[in-house]
Amino acid sequence: MLASPAQVAETACGMITDLITSVPDCVLGLATGSTPLDTYRGLVQRHQHGLRFDEVETFNLDEYAGLASDHPQSYHAYMAENLFDHIDIDRSDTHIPRGDADDLDEECLRFEQSIRDVGGVDHWLLGIGSNGHVAFNEPGCDPDSTTRVVDLAPETITANSRFFDRAEDVPRRALTAGISTILSADRIVLLAYGANKAEAVAEAIAGPVSPDCPASFLQTHPDCTFLLDTAAASLLLP
Ligand code: GLP
């Protein structure tokens, strides 16, 4: 547990920096949402001070179905704006499922295979939804799931509506890495801060391993770290 969201971001940034420094051609799994923004800002700053990304390969967790890469609310646009445009990564080494692919199921299979082709992810950075989802693996998901197209839960659609002008524009479906895709990473680091994540965090860490809280499947991973601020950890404290 850390005192502030800033310390969560600083710690997450430090772990990724250490990995890139020791393994310059590492494979990073990346997340979107508001939670990792400060971590990405930190990585951009470290790049400005010499950290190189030119051999790093990245895979993102998810993308909205139906959004083209240049849609301002797409996760492609988010990653460009918040990280990729500001570092020296080779864009051909960045992988995000395409929400505008002609055949979304085929796109999911291609994405999953591309992770296997590079030998898997070394470090996957995650956030958590207030209903316990990770990526877009919603409650009820299968622990053996791989990358696939999913329907978003009503609370996720509501949470995401803050990024869209009109309610009818909020995507109802997404392409997401599966629980098994995420668990296949060597190391997983989940970031959470704020009281609105406290219940999901407590269920994920101290509740039963259950599809009711998809993040609880992380308990089965041998190297998974939760970086929490005091508010997110508040229901775990005695
Ligand atoms: C979305 C993303 C998740 C993310 C979650 C939490 O649903 N698909 O990967 O963890 O939002 O978002 P935030 O960090 O904005 O709370």
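## Polar contacts of the ligand

A polar contact is a pair of N or O atoms within 3.5 Å; within protein, one atom must be able to donate a hydrogen and the other to accept it, and residues adjacent in sequence count only if both atoms are side-chain atoms. This model is predicted: local features need pLDDT of at least 70, side-chain atom pairs count only at pLDDT 80 or more, and totals for chains, interfaces and linings use all residues. Residues are numbered from 1 along each chain as its sequence is written, and side-chain values use heavy atoms, without hydrogens and water.

Ser-34 makes one such contact: an N or O atom of its side chain is 2.7 Å from a ligand oxygen. His-133 also reaches a ligand oxygen with a side-chain N or O atom, at 2.9 Å. For Arg-162, the side-chain N or O atom is 3.0 Å from an oxygen of the ligand. On its own, the ligand has 390 Å² of accessible area (Shrake-Rupley method, 1.4 Å probe). The protein covers 92% of that.

## The surrounding shell

Residues around the ligand (a heavy atom within 4 Å) include Gly-33, Ser-34, Thr-35, Asp-62 and Tyr-75. Further along the chain come Gly-127, Ile-128, His-133, Ala-135, Phe-136, Arg-162 and Lys-197.

By class, four residues of this shell are nonpolar, five are polar and three are charged. Gly counts as polar here.

## Ser-210

Where does Ser-210 lie? It is in the loop between α7 (198-206) and β9 (224-228). Helices have at least four residues and strands at least two, as DSSP runs.

Ser-210 has 12% relative accessibility, so it counts as buried (under 20%, 1.4 Å probe, protein chains only). Asp-142 is 68 residues away along the chain, yet the two C-alpha atoms of Ser-210 and Asp-142 are separated by 9.4 Å.

Terms used: Buried means under 20% relative accessible area, exposed over 50%, partly exposed in between (1.4 Å probe, protein chains only).
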